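Reader: I have this structure open at the bench and would love a close look at one part of it. Please pick a single strand and its surroundings, and take me through them slowly.

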Amino acid sequence: MTSNEAAIRQHIENLIEGIRAKDLESLGQLYATDVVSFDVEPPLQHVGVEAKLANWAKVFTFFRDVTYELRDLTLTVGEDVAFGHGFGRLSGTLHNGTETGGMWVRATFCYRRLDGRWVITHDQASVPFDVSSGKAVPDLEP
């Protein structure tokens with residue numbers, strides 16, 4: 001493993017820790033100021049770190065405790081650009097005490113090294129859908 005790959009893997013661990021802690025301040029340090037995010041809910045894109053953090057804040061309002069799991073992460077890392085993909089699942093305990101297992105989504109992360117540090121410049125979470133019915137298929141597992 002190269003030092004750049006190790007740095008990206010640590011960055012992703014920091015992302016997961018920030019999500020689990022519902023720590024918007026630490027999450028904000030992990031994204032480029034002009035990050036473009038394609039998330040599972042409207043609009044089609046969230047542009048800028050403020051929009052990305054607002055999206056996380058909205059998610060966190062539903063959970064008393066939140067967990068994020070990432071499986072089958074594959075990375076391609078260059079000197080100043082990297083990307084990775086895997087399967088992510090957000091789950092936890094809702095404020096009313098209900099446990100939710102969440103659903104698996106396809107996750108993609110794109111990185112650039114800016115001023116000597118790696119930041120997420122693009123991310124995407126997507127849910128597969130059945131072409132014949134036009135409906136999402138949220139119960140698939142990796």
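**A strand and its surroundings**

Author: Let me begin with one pair of residues: Leu70 stands opposite Gly88 in S4. Please keep in mind throughout that you are looking at a predicted model. That pair belongs to the pairing of strand S3 with S4, which is antiparallel and runs over twelve bridges. S3 spans residues 63-77 and S4 spans 81-94, and a hairpin of three residues joins the two. We will come back to both strands when we reach the pocket.

Before the close look, here is the setting. The chain holds three helices and nine strands. Going along the sequence, their order is α-α-β-β-α-β-β-β-β-β-β-β. For a chain of 142 residues, a compact globule would have a radius of gyration near 14 Å, and the value here is 15 Å, which agrees. The C-alpha atoms fit a box of roughly 40 × 35 × 30 Å along the principal axes. Of the 142 residues, 35% count as buried. Among contacts between residues at least 6 apart in sequence, 52% link residues at least 24 apart.

Now for the part I have picked, strand S7. S7 covers residues 117-126, and eight of its ten residues are buried, so the strand is largely enclosed by the rest of the structure.

S7 pairs with strand S6 and with strand S1, and the two pairings have their own sense. With S6, residues 104-114, the pairing is antiparallel and takes in nine bridges. To find a place in that pairing on your screen, look for Thr108, whose bridge partner in S7 is Gln124. With S1, residues 31-38, S7 pairs in the parallel sense over four bridges. Here a good landmark is Val36, which has His122 as its bridge partner in S7.

Next, follow the chain from S6 into S7. These strands form a hairpin with two residues between them, and Asp115 there takes a positive phi near 50°. Most residues other than glycine have a negative phi. Asp115 is not a glycine, yet its phi is positive at about 50°. Asp115 sits in the loop between S6 and S7. At 86% relative accessibility, Asp115 counts as exposed, whereas most of the strand that follows, eight of ten residues, is buried.

For a sense of distance, take Glu25 in helix H2, residues 24-28. Glu25 and Asp115 are 90 residues apart along the chain, and 20 Å lies between their C-alpha atoms. Glu25 is exposed too, with a relative accessible area of 66%. Lys22, in the loop between H1 and H2, also has a positive phi, near 55°, without being a glycine. Lys22 is partly exposed, at 27% relative accessible area.

Move now to Ser126, which belongs to S7. Because the cut-off for buried is under 20%, Ser126 counts as buried with its relative accessible area of 19%. Beyond its neighbours within four places in sequence, Ser126 touches Val40, Val105 and Arg106.

Val40 leads us to the pocket. The largest pocket has a volume of about 600 Å³. Its lining counts 28 residues, and those closest to the centre are Asp39, Val40, Trp56, Val59 and Leu90. S7 is among the elements that each supply at least two lining residues, and the others are H1, S1, H3, S3, S4 and S6. H3 contributes the most, with five residues. By class, the lining has 16 nonpolar, six polar and six charged residues.

One last stop is the loop that joins S1 to strand S2, where Pro43 is found. Most peptide bonds are trans. The bond between Pro42 and Pro43, however, is cis, with omega about 0°.

To sum up the strand itself: S7 has S6 as an antiparallel partner and S1 as a parallel one, and it also supplies residues to the lining of the largest pocket.

How values were computed. Residues numbered from 1 in each chain as written. Predicted model: local features only at pLDDT ≥ 70, side-chain atom pairs only at ≥ 80, totals over all residues. Heavy atoms only, no water. Buried < 20%, exposed > 50% of the residue type's maximum accessible area, 1.4 Å probe, protein only. Pairing = 2+ DSSP bridges. 1 Å grid on protein atoms, 1.4 Å probe; cavity = no way out; pocket = protein on both sides within 12 Å on 5 of 7 lines; lining within 4 Å. Points joined across faces, edges and corners; volume = space filled by probe spheres on them. Nonpolar A, V, L, I, M, F, W, Y, C, P; charged D, E, K, R; others polar. Rg over C-alpha atoms; globule rule 2.2 N^0.38 Å. Contact = heavy atoms within 4.5 Å.
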